[in-house]
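Hi everyone, thanks for making time this morning. I'd like to walk you through one model, starting with the whole chain and then moving to a couple of places inside.

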Amino acid sequence: MEKYHSFTMDVPPAQEVDSIITTNLNAGMLSPTSSSSSSTSSPATTLSRYENQKRRDWNTFGQYLRNHRPPLTLSRCSGAHVLEFLRYLDQFGKTKVHTQLCPFFGHPNPPAPCPCPLRQAWGSLDALIGRLRAAYEENGGMPETNPFGARAVRLYLREVRDSQAKARGISYEKKKRKRPPQLPQSQTPPPPPPPPLC
(Lines give C-alpha, C1' and ligand atoms only; values in the text may rest on other atoms or scores of the structure.)
Protein backbone atom coordinates (compact mmCIF):
# COMPACT_ATOMS: atom_id res chain seq x y z
CA MET A 1 0.00 0.00 0.00
CA GLU A 2 1.33 3.42 -0.93
CA LYS A 3 2.00 5.98 1.77
CA TYR A 4 0.46 9.20 0.53
CA HIS A 5 1.27 11.69 3.20
CA SER A 6 3.87 12.79 5.67
CA PHE A 7 1.49 14.75 7.85
CA THR A 8 -1.47 14.17 10.10
CA MET A 9 -4.90 15.74 10.18
CA ASP A 10 -7.64 15.28 12.72
CA VAL A 11 -10.55 14.57 10.38
CA PRO A 12 -13.23 11.96 11.08
CA PRO A 13 -13.13 9.03 8.62
CA ALA A 14 -15.54 8.05 5.86
CA GLN A 15 -16.66 11.44 4.66
CA GLU A 16 -16.80 12.91 1.16
CA VAL A 17 -14.76 16.04 0.30
CA ASP A 18 -17.73 18.37 0.74
CA SER A 19 -18.42 17.15 4.27
CA ILE A 20 -14.77 16.76 5.35
CA ILE A 21 -14.15 20.39 4.84
CA THR A 22 -15.99 21.95 7.74
CA THR A 23 -15.18 24.89 9.95
CA ASN A 24 -17.04 27.53 11.89
CA LEU A 25 -19.44 29.15 9.43
CA ASN A 26 -18.87 32.53 11.06
CA ALA A 27 -15.13 32.52 10.29
CA GLY A 28 -14.17 34.83 7.44
CA MET A 29 -11.80 33.95 4.60
CA LEU A 30 -8.41 33.69 6.21
CA SER A 31 -4.89 33.20 5.16
CA PRO A 32 -4.26 29.47 5.67
CA THR A 33 -1.38 30.22 8.01
CA SER A 34 -3.32 32.52 10.32
CA SER A 35 -5.40 31.44 13.31
CA SER A 36 -8.95 30.34 12.54
CA SER A 37 -10.30 32.22 15.56
CA SER A 38 -9.53 35.71 14.20
CA SER A 39 -11.75 37.78 11.91
CA THR A 40 -15.46 37.08 11.65
CA SER A 41 -17.86 38.19 8.97
CA SER A 42 -20.86 40.33 9.70
CA PRO A 43 -23.98 38.32 10.62
CA ALA A 44 -26.04 40.40 8.16
CA THR A 45 -23.96 39.10 5.23
CA THR A 46 -25.36 35.90 3.77
CA LEU A 47 -22.92 34.02 1.58
CA SER A 48 -23.93 31.68 -1.19
CA ARG A 49 -23.55 27.93 -0.80
CA TYR A 50 -20.53 28.11 -3.13
CA GLU A 51 -18.88 30.89 -1.09
CA ASN A 52 -19.46 29.00 2.16
CA GLN A 53 -17.98 25.83 0.69
CA LYS A 54 -15.02 27.75 -0.71
CA ARG A 55 -14.34 29.25 2.71
CA ARG A 56 -14.55 25.83 4.40
CA ASP A 57 -12.21 24.35 1.78
CA TRP A 58 -9.74 27.20 2.26
CA ASN A 59 -9.77 26.83 6.03
CA THR A 60 -9.29 23.06 5.76
CA PHE A 61 -6.33 23.51 3.44
CA GLY A 62 -4.93 25.97 6.00
CA GLN A 63 -5.32 23.27 8.65
CA TYR A 64 -3.42 20.87 6.37
CA LEU A 65 -0.58 23.39 6.08
CA ARG A 66 -0.40 23.81 9.86
CA ASN A 67 -0.50 20.03 10.50
CA HIS A 68 2.07 19.20 7.83
CA ARG A 69 5.40 17.96 9.17
CA PRO A 70 7.27 20.26 9.04
CA PRO A 71 4.55 22.96 9.04
CA LEU A 72 4.21 24.83 5.76
CA THR A 73 3.50 28.43 4.93
CA LEU A 74 1.34 29.26 1.95
CA SER A 75 4.30 30.92 0.22
CA ARG A 76 6.23 27.62 0.35
CA CYS A 77 3.31 25.49 -0.79
CA SER A 78 3.73 23.91 -4.23
CA GLY A 79 1.74 21.75 -6.61
CA ALA A 80 3.39 18.72 -4.97
CA HIS A 81 1.84 19.66 -1.62
CA VAL A 82 -1.56 20.04 -3.29
CA LEU A 83 -1.19 16.53 -4.75
CA GLU A 84 -0.27 15.21 -1.31
CA PHE A 85 -3.44 16.81 0.07
CA LEU A 86 -5.62 15.28 -2.68
CA ARG A 87 -4.15 11.83 -2.11
CA TYR A 88 -4.76 12.20 1.60
CA LEU A 89 -8.43 12.98 0.93
CA ASP A 90 -8.80 9.72 -1.03
CA GLN A 91 -9.13 7.76 2.20
CA PHE A 92 -12.46 9.51 2.84
CA GLY A 93 -13.88 8.82 -0.63
CA LYS A 94 -17.12 6.99 -1.38
CA THR A 95 -16.55 6.12 -5.04
CA LYS A 96 -15.64 2.49 -5.76
CA VAL A 97 -12.72 2.38 -8.20
CA HIS A 98 -12.11 -1.13 -9.53
CA THR A 99 -8.54 -2.33 -9.98
CA GLN A 100 -7.49 -3.96 -13.25
CA LEU A 101 -7.48 -7.37 -11.53
CA CYS A 102 -11.10 -7.00 -10.39
CA PRO A 103 -13.65 -8.99 -12.45
CA PHE A 104 -15.86 -5.88 -12.46
CA PHE A 105 -13.20 -3.59 -13.97
CA GLY A 106 -14.93 -1.53 -16.65
CA HIS A 107 -18.49 -2.31 -15.47
CA PRO A 108 -20.51 0.73 -14.40
CA ASN A 109 -22.96 -1.36 -12.30
CA PRO A 110 -21.21 -4.43 -10.86
CA PRO A 111 -23.60 -7.24 -9.85
CA ALA A 112 -21.80 -8.07 -6.60
CA PRO A 113 -19.58 -6.42 -3.99
CA CYS A 114 -15.81 -6.44 -4.37
CA PRO A 115 -12.83 -5.41 -2.22
CA CYS A 116 -11.71 -2.58 -4.51
CA PRO A 117 -10.81 0.72 -2.78
CA LEU A 118 -13.06 3.70 -2.27
CA ARG A 119 -11.67 6.95 -3.61
CA GLN A 120 -12.73 10.55 -4.03
CA ALA A 121 -14.70 10.97 -7.22
CA TRP A 122 -12.95 12.92 -9.96
CA GLY A 123 -15.75 15.48 -10.08
CA SER A 124 -15.42 16.20 -6.35
CA LEU A 125 -11.66 16.71 -6.63
CA ASP A 126 -12.04 18.88 -9.71
CA ALA A 127 -14.61 21.11 -7.99
CA LEU A 128 -12.46 21.29 -4.84
CA ILE A 129 -9.42 22.44 -6.82
CA GLY A 130 -11.52 25.04 -8.60
CA ARG A 131 -12.72 26.49 -5.30
CA LEU A 132 -9.24 26.46 -3.75
CA ARG A 133 -7.74 28.06 -6.84
CA ALA A 134 -10.26 30.91 -6.62
CA ALA A 135 -9.80 31.27 -2.84
CA TYR A 136 -6.01 31.47 -3.22
CA GLU A 137 -6.29 34.46 -5.55
CA GLU A 138 -9.04 36.10 -3.48
CA ASN A 139 -6.70 35.94 -0.49
CA GLY A 140 -3.89 37.82 -2.20
CA GLY A 141 -2.11 35.03 -4.06
CA MET A 142 -0.73 35.79 -7.51
CA PRO A 143 -2.21 33.70 -10.37
CA GLU A 144 1.32 32.90 -11.61
CA THR A 145 2.23 31.26 -8.28
CA ASN A 146 -1.10 29.53 -7.60
CA PRO A 147 -0.21 25.96 -6.53
CA PHE A 148 -3.77 24.80 -7.30
CA GLY A 149 -3.28 25.75 -10.95
CA ALA A 150 0.06 23.95 -11.27
CA ARG A 151 0.59 21.73 -14.29
CA ALA A 152 1.16 18.71 -12.04
CA VAL A 153 -2.27 19.22 -10.43
CA ARG A 154 -3.99 19.46 -13.83
CA LEU A 155 -2.23 16.31 -15.01
CA TYR A 156 -3.15 14.47 -11.81
CA LEU A 157 -6.83 15.41 -12.20
CA ARG A 158 -6.78 14.24 -15.82
CA GLU A 159 -5.17 10.95 -14.76
CA VAL A 160 -7.78 10.43 -12.02
CA ARG A 161 -10.59 11.18 -14.45
CA ASP A 162 -9.27 8.76 -17.07
CA SER A 163 -8.50 5.95 -14.62
CA GLN A 164 -11.91 6.23 -12.96
CA ALA A 165 -13.61 6.28 -16.34
CA LYS A 166 -11.85 3.05 -17.36
CA ALA A 167 -12.42 1.39 -13.99
CA ARG A 168 -16.14 2.16 -14.01
CA GLY A 169 -16.74 1.83 -17.75
CA ILE A 170 -17.89 5.44 -17.99
CA SER A 171 -16.45 7.98 -20.37
CA TYR A 172 -16.10 11.59 -19.32
CA GLU A 173 -16.44 13.59 -22.49
CA LYS A 174 -16.61 17.31 -22.72
CA LYS A 175 -20.16 18.44 -23.18
CA LYS A 176 -20.58 20.07 -26.54
CA ARG A 177 -22.48 23.30 -26.64
CA LYS A 178 -25.82 23.02 -28.32
CA ARG A 179 -26.14 25.58 -31.06
CA PRO A 180 -29.51 26.71 -32.29
CA PRO A 181 -30.39 24.93 -35.54
CA GLN A 182 -29.56 27.03 -38.56
CA LEU A 183 -31.82 27.09 -41.57
CA PRO A 184 -30.21 26.17 -44.88
CA GLN A 185 -29.29 29.13 -47.07
CA SER A 186 -32.23 28.55 -49.41
CA GLN A 187 -34.76 28.49 -46.57
CA THR A 188 -33.78 31.67 -44.76
CA PRO A 189 -36.83 33.82 -44.12
CA PRO A 190 -37.03 37.01 -46.17
CA PRO A 191 -36.01 40.21 -44.39
CA PRO A 192 -38.85 42.20 -42.82
CA PRO A 193 -40.37 44.92 -45.00
CA PRO A 194 -39.08 48.47 -44.44
CA PRO A 195 -41.19 50.69 -42.20
CA PRO A 196 -43.81 52.78 -44.05
CA LEU A 197 -42.84 56.33 -44.88
CA CYS A 198 -45.02 58.98 -43.30
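Let me start with a term: I'll call a residue buried when its relative accessible area is under 20%. By that cut-off, 36% of the 198 residues in this chain are buried. Please keep in mind that what you see is a predicted model.

Now the overall layout. The chain has five helices and two strands, and reading from the N terminus, the order is α-α-α-β-β-α-α. If we take the contacts between residues at least 6 apart in sequence, 71% of them join residues at least 24 apart.

Let's go to helix α2, residues 49-67. How many of its 19 residues are buried? The count is 14, so α2 is largely enclosed by the rest of the structure. Its length works out nicely too: at 1.5 Å a residue we would expect a span of 27 Å, and the end C-alpha atoms are indeed 27 Å apart.

Next, its partner, helix α4, which covers residues 122-138. The axes of α2 and α4 come within 9 Å and cross at roughly 80°. An angle from 65 to 115 degrees counts as roughly perpendicular, so that is the word for how α2 sits against α4. On the α2 side, the residues that meet α4 include Tyr50, Lys54, Trp58 and Phe61; on the α4 side, Leu128, Leu132 and Ala135 are among them. Sorted by character, the residues of this contact are eight nonpolar, two polar and five charged.

One residue of α2 I'd like to show you is aspartate 57. Is aspartate 57 buried or exposed? It is buried, with a relative accessible area of 0%. Its side chain makes a polar contact of 2.4 Å with the side chain of arginine 131, and both of these residues belong to the α2 and α4 contact we just looked at.

Last stop: asparagine 146, which lies in the loop between α4 and α5, the latter being residues 151-168. Asparagine 146 has a relative accessible area of 5%, so this loop residue counts as buried. What does asparagine 146 touch, leaving aside residues up to four places away in sequence? The answer is Arg133, Tyr136 and Glu137. With arginine 133 we can be specific: its backbone oxygen lies 3.1 Å from a polar atom of the asparagine 146 side chain.

That's my tour, and I'm happy to rotate the model for anyone who'd like another look.

Conventions: Residues numbered from 1 in each chain as written. Predicted model: local features only at pLDDT ≥ 70, side-chain atom pairs only at ≥ 80, totals over all residues. Heavy atoms only, no water. Helix = DSSP H or I, 4+ residues; strand = E, 2+ residues; numbered from the N terminus. Buried < 20%, exposed > 50% of the residue type's maximum accessible area, 1.4 Å probe, protein only. Polar contact = N/O pair within 3.5 Å; in protein donor to acceptor, adjacent residues only side chain to side chain. Axes fitted to C-alpha atoms, helices over the stretch in contact; angles between N-to-C directions. Parallel < 35°, antiparallel > 145°, perpendicular 65-115°, else oblique. Contact = heavy atoms within 4.5 Å. Nonpolar A, V, L, I, M, F, W, Y, C, P; charged D, E, K, R; others polar. Expected span 1.5 Å × (residues − 1).
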